[in-house]
There are 2 protein chains.
Amino acid sequence: MSSIKVGLLGLGVVGGGTWKVLTQNAEEIARRAGRSIEVTAVAVRDVAKAKRLVGDSVRVTDDAMQVLRDPDIDIIVELIGGDTLARTWIMEAIAQGKHVVTANKALLAKHGNEIFAAAHAKGVMVTFEAAVAGGIPIVKAIREGLTANRIQWLAGIINGTTNFILSEMRMRGLSFEQALADAQRLGYAETDPTFDIEGVDAAHKLTLLASLAFGIPVQFDKAHIEGISTLAQDDITHAERLGYRIKLLGITRRREDGIELRVHPTLVPVDCLLANVEGAMNAVLVSGDMVGPTLYYGQGAGELPTASAVVADLVDVARLEAADPEHRVPHLAFQPDAMQDTVVLPVQEVRSSYYLRVRVQDRPGVLADIARILSDSGISIGSMFQQPHGDTEADIIFLSHEAREGAVDDAMARIRALPFVQCDLTRLRVESLT
Amino acid sequence: MSSIKVGLLGLGVVGGGTWKVLTQNAEEIARRAGRSIEVTAVAVRDVAKAKRLVGDSVRVTDDAMQVLRDPDIDIIVELIGGDTLARTWIMEAIAQGKHVVTANKALLAKHGNEIFAAAHAKGVMVTFEAAVAGGIPIVKAIREGLTANRIQWLAGIINGTTNFILSEMRMRGLSFEQALADAQRLGYAETDPTFDIEGVDAAHKLTLLASLAFGIPVQFDKAHIEGISTLAQDDITHAERLGYRIKLLGITRRREDGIELRVHPTLVPVDCLLANVEGAMNAVLVSGDMVGPTLYYGQGAGELPTASAVVADLVDVARLEAADPEHRVPHLAFQPDAMQDTVVLPVQEVRSSYYLRVRVQDRPGVLADIARILSDSGISIGSMFQQPHGDTEADIIFLSHEAREGAVDDAMARIRALPFVQCDLTRLRVESLT
């Protein structure tokens, strides 16, 4: 069978990794795919630098349109990132009838509906295994491995930077700022780490996972997002005492009345596998009504793990490009005409357990007043402890049973207004993941 | 699109589960597959009993040939188990040009080469996600998710019965016999548990995983198999003291000179995720040269989890049946003409670290004599401790660095011959899984 021809847009970390994987494992890949996968053109800004990597056998240009319109190219691999140029180029590739492989979660989380609709109309595939959890085949697992199930919920550690920071804070007792500086020094965090630490990157990925799991359109703007930059070392210690570890989770859950879609620091029981995923690793726990809980773990970022996912997509496209488009795996796991516009619930409607820390003047009656407010709001308490803070203050830590977030908001507003409450309350969500 | 027609052979635990999944999640499955999956005929021994489950809308017969030769049926689902009738019926289904979905690991581990060759010649698919690790989509992950990688090794907890027994022995301090009795009482172990506890079931599954990972023919007869029935409670405690947990692992590894293929109780570091997989759960750790380590976790058995995998295969076949056979995913991950006949190494050539326990008369010079033998055999010791046993005896426990198993065999024979050695030695393999 003839080789399949690939045009590569971008030759940065993941682009360079893709080149390496295709070159170094060419034989193993062809043994599986039944044909070779050949990069015939590369579009980059710095042509001279790219030539040093790929040599003279491949056409290198700084004009992406030349690659996009090359009639000999079957698949465009977009690895430039961002959502302006990348969007234009992917739409052009689709218009030219080419299949697209991309790792661009930000683009798909925001413009996926438009892109997948265009691809469907044109009968081409847009694949994105590399966009979520790097080398872990999680898109494939949900889209193809769990097709028998009504998926109930999923929860994932899908940002390695924040998981690394949280591991460092817990294991070495560092503050957030110290752990972030370490992560930057070791290359786990960018110079501007905002997208990672504020949960935006995780929310991009979660948005895609929710669509795959539930057959709903991509809707990043509905996601509730909280990062880890305000997390105090104290709360990590208190959580540990209660039998929990704090992880930045992306959680999406199907309920009677809609879908929860949220990224936030979460207390997870220590004996749960997710709680034991340390450093820059990723893991996603998916619960299906028939299969029960399943977990997928691996490296969620980096040159070669991410390229592993890009190349797996290339093999899939090489295998399926001859198939009738009606018979291919649908982009978002469900057939386009079977998507449902289930409402994504506002965060006030989320149900969770809660960890609350209140700093108070240490005097009689304080606990009773707070407990009364919680009870009046219908929030029942599972466990509680008090920890002195200096000579005159104390932290009171509550772990609630499941409650509606709106009710917790109301109670917090009333507690905040109490005269002996010293500073803002800390509220973290707790998930049993069962 | 018209529905795809399925004939079901067997309506036991997994067959009944498959019926339930297809019935209860019919809508969700059709939303994904783009067409409905319809069971039109069932072949069973007890027709009356089957009718009570499936009702009157489905043809129920005790004549499997009638189902196998029904021209309206597209896919045969074989769920009767065993390797005599099942083999005949699957070969007949293939001869009739029907696709086959099976959960039959024993059959495929022994006769897979013949079955896949017949299917390839006829242009039909034989899928077997349910044969390995129940509901976990591990076949798909290796065959399609990790296609960019040269897989280096994999290690799995792929038998829930033995993992349950080991968890009980460790957590509740039970003997093997007590834990087995519990497992039987709770339905995790069969009345005749031999296949599970002696590692045969795990070896069936490992044989299939090794073929998928390395592109070698299925060769169950080359697997080295040890079970857990002789495992002493003492060794679990000693392992814990050394920082390890004992798991029955299936391990296969690609080396320069061939492939290791082995099932045996294994000491695994406690901070490794595999060590924390408890009860009847399954997990497989796969290491690829590009992606690094990835792990897949979930329920490895049971009515609905196994049926989840059967139905995922049905959806795959429904999607791919219209595709040119040349473009489908190959049965054993690699194209038939790209399989390699790499040698499977005899167990004496395996390299591992070893846990050795020697019971001796407690007197001076004993340790020196044993240490001398190990050193003469080129086996270097990582850690060692001695534990009194009664008034006059002691257990000496050694943890070796990596050594060739043949060398360890020689050393053990010489140690066994020492006059002060009291009974047979215990030797367990240790894997760092990195």
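1. In this predicted model, A:Ile76 lies opposite A:Val100, a residue of strand E5 of chain A. The strand that pairs with E5(A) here is E4 of chain A, residues 75–78. The pairing of E4 and E5(A) is parallel and comprises four bridges.

2. Strand E5 of chain A, residues 99–102, is covered on both of its faces. A:His99 and A:Val101 occupy one side, A:Val100 and A:Thr102 the other, and all of these residues are buried. A:Val100, the residue facing A:Ile76, therefore counts as buried, with under 20% relative accessible area.

3. As to the chain as a whole, chain A contains 15 helices and 17 strands. Burial applies to 62% of its 434 residues. Among contacts in chain A with a separation of 6 or more, 73% join residues 24 or more positions apart.

4. The overall dimensions deserve a separate remark. The C-alpha trace of chain A extends about 80 × 45 × 35 Å along its principal axes. The radius of gyration of chain A is 24 Å, which agrees with the value near 22 Å for a compact globule, because that value is the one that goes with 434 residues.

5. On the surface, chain A exposes an accessible area of about 15700 Å². Carbon and sulfur atoms supply 48% of that area.

6. Chain A carries 43 positive and 56 negative charges. The mean position of the positive charges and that of the negative charges are 2 Å apart.

How values were computed. Residues are numbered from 1 along each chain as its sequence is written. Chains are lettered from A and ligands numbered from 1 in the order in which they are written. This is a predicted model: local features need pLDDT of at least 70, side-chain atom pairs count only at pLDDT 80 or more; totals for chains, interfaces and linings use all residues. Side-chain values use heavy atoms; hydrogens and water are left out. Helices (H or I, at least four residues) and strands (E, at least two) are DSSP runs, numbered from the N terminus. The radius of gyration is taken over C-alpha atoms; the globule rule is 2.2 Å times the number of residues to the power 0.38. Buried means under 20% relative accessible area, exposed over 50%, partly exposed in between (1.4 Å probe, protein chains only). Contact means heavy atoms within 4.5 Å. Accessible areas come from the Shrake-Rupley method with a 1.4 Å probe; for residues, only the protein chains shown count as cover. Lys and Arg count as positive and Asp and Glu as negative; His and the chain ends are not counted. The place of a charge is taken as NZ of Lys, CZ of Arg, CG of Asp or CD of Glu. Two strands pair if DSSP finds at least two bridges between them.
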